[in-house]
Every structure is written in C-alpha cells, then in structure tokens.
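Trainee: I would be grateful for a close look at one part of this structure, namely its aromatic rings and the core around them. Please take me through that part step by step.

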Amino acid sequence: MSRSTVRIGRTAWLRALDAALLALSLLVVSGCETPPSVPPPATESIVSLYQRAPERALINGLRLYEDGAFDPAEQALRAALLQGLRDRRDAAVAHKYLAFIACAFSRLSECEQQFRDALAVDPDFALSDAEIGHPIWGPVYRKVARPRVKP
C-alpha cells in the first residue's frame with residue numbers, strides 16, 4: 001500500500017470522526033436546551049373526596065345504583081346535589097343517574113328535566129353511544145340534547 005493511499009484513508013477517517021463528534025455535540029447541546037417537563041396537575045385522592053359529604057353521597061349513590069338499589073340510590077344522588085358537589089361534571093353525573101332512575105320508573109318529564117339540569121351544570125355533558133342507544137332514556141336524552149346529538 002502506498003503512502004498516499006494511507007493518507008487518503010486516514011483523512012477520510014478523521015473527517016468521519018469530526019462529523020460524529022459534531023453530531024454528538026449538537027445532540028448534547030440540544031438536550032440541554034429542552035425545557036423541563038411540566039409535572040401533571042395534582043389530583044385529589046379518593047380518600048379525601050370521600051371525606052366530603054356531597055362527594056361521599058355521590059359515590060354511595062353510584063354504588064347503590066349499580067347494585068340495583070334504586071330508591072336509596074336516588075336519595076343519595078339527591079343528597080349529593082343538595083349538599084353541593086364541587087365539580088360540575090360530578091353534578092352532571094348525579095343528574096344523569098337521576099334521569100336514568102326517573103326514566104326507568106316511567107317518570108319521563110322528570111327524566112327530561114334531569115337531563116336538562118345535567119346540561120345546564122355542564123355544557124360538555126353527553127351520554128355515551130351505548131347510553132344514547134338505550135330504549136328508555138335514549139329518546140328522552142336525544143329530545144333534550146337535539147342540537148348536539150345526531151339522530
């Protein structure tokens with residue numbers, strides 16, 4: 001191998017090394033310039049929520065509803081609303097389940113009013129597709145939320 005061949009090979013190798021070092025330097029520098037990640041907002045534990053009477057009444061009302069104990073569920077959900085739930089979404093959920101109970105017991109005007117109340121406290125309130133498809137309360141909800149729900 002001639003001396004000029006070694007020199008060309010060595011020069012190419014040094015250029016490649018310089019390019020790699022430059023790329024590594026840029027990576028390190030750009031990594032330092034990224035802003036620190038923002039921690040997620042603090043959440044409230046279920047334990048502290050359960051210590052507040054309105055939230056405890058909502059949780060108990062939902063549990064009773066799921067267990068099929070509709071009369072005590074209705075009482076607990078009404079108590080939660082009367083005691084003043086802090087979050088508008090929680091209030092909308094209480095109204096939603098009160099609507100479900102009213103509809104299930106053929107109190108359709110009350111069912112409609114509960115859906116109206118849910119929309120009033122939380123304009124973003126909406127039933128899931130499965131809930132909208134329910135044969136009893138689905139039509140009542142669609143009537144109340146007509147501009148917002150596809151037929």
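Mentor: A definition is needed before the rings can be discussed: a residue is called buried when its relative accessible area is under 20%, exposed when that area is over 50%, and partly exposed in between. Please keep in mind throughout that this is a predicted model.

Let us begin with the setting. The protein chain has eight helices and zero strands, so the order of elements from the N terminus on reads α-α-α-α-α-α-α-α. Of its 151 residues, 30% count as buried. Among contacts between residues at least 6 apart in sequence, 50% join residues at least 24 apart. The accessible surface of the chain comes to about 10,400 Å², and carbon and sulfur atoms account for 61% of that area.

Now to the rings themselves. The structure holds nine aromatic pairs. One of them is formed by Y65 and F70, whose ring centres are 5.3 Å apart and whose planes meet at 70°; the pair is edge-to-face because planes over 60 degrees apart are classed in that way. The two partners differ in their exposure: Y65 has a relative accessible area of 13% and is therefore buried, whereas F70, at 29%, counts as partly exposed.

A second example is the pair of F115 and Y141. Their ring centres are 5.3 Å apart and their planes stand at 75°, so this pair is edge-to-face. It links distant parts of the chain, since F115 belongs to helix 6 (residues 108-121) and Y141 to helix 8 (residues 137-144), 26 residues apart. Both partners are buried: F115 has a relative accessible area of 0%, and Y141 has one of 1%.

These two pairs belong to a wider arrangement. Ring pairs join Y65, F70, Y97, F100, F105, F115, F125, W137 and Y141 into a cluster. Y50 is a ring with another kind of partner: R56 lies over its face, at 5.9 Å from the ring centre.

The next step is the core. The largest nonpolar core has 31 residues, and those with the most contacts inside it are C111, F115, F125, L127 and W137. Helix 3 (53-66), helix 4 (70-83), helix 5 (88-104), helix 6 and helix 8 each supply at least two residues of this core. Helix 5 gives the most, with 10 residues.

Two of the residues around this region repay individual attention. L127, named above for its contacts inside the core, touches K96, F100, F115, I132, W137 and Y141, when residues up to four places away in sequence are not counted. E131 has its place in helix 7 and, at 18% relative accessibility, counts as buried. With the same sequence neighbours left out, E131 touches K96, F100, W137 and G138. Thus K96, F100 and W137 appear among the contacts of both L127 and E131.

C111, also named for its contacts in the core, leads to the disulfide. A disulfide is a covalent bond between the sulfur atoms of two cysteines. A search of the whole structure finds one: C103 and C111 form it, with their sulfur atoms 1.8 Å apart. The angle about the S-S bond is -75°, and the link is left-handed. Both cysteines, C103 and C111, are buried.

Finally, two loop residues provide a contrast with the buried rings. S106 lies in the loop between helix 5 and helix 6 and is exposed, with a relative accessible area of 62%. Most residues other than glycine have a negative phi. The phi of S106, however, is near 60°, a positive value in a residue other than glycine. D124 lies in the loop between helix 6 and helix 7 (129-132), and with a relative accessible area of 62% D124 is exposed. D124 and R89 are 35 residues apart in sequence, and their C-alpha atoms are 8.5 Å apart in space.

To draw the picture together, F115 is a useful residue to keep in view. F115 pairs with Y141, takes part in the ring cluster, is named among the residues with the most contacts inside the largest nonpolar core, and is touched by L127.

Note on methods: Residues numbered from 1 in each chain as written. Predicted model: local features only at pLDDT ≥ 70, side-chain atom pairs only at ≥ 80, totals over all residues. Heavy atoms only, no water. Phe/Tyr/Trp six-rings, centres within 6.5 Å; stacked < 30°, edge-to-face > 60°. Buried < 20%, exposed > 50% of the residue type's maximum accessible area, 1.4 Å probe, protein only. Helix = DSSP H or I, 4+ residues; strand = E, 2+ residues; numbered from the N terminus. Lys NZ or Arg CZ within 6 Å of the ring centre and 35° of its normal. Disulfide = S-S within 2.5 Å. Core = buried A, V, L, I, M, F, W, Y, C linked by side-chain atoms within 4.5 Å. Contact = heavy atoms within 4.5 Å. Areas by Shrake-Rupley, 256 points an atom, 1.4 Å probe, with all protein chains shown as cover.
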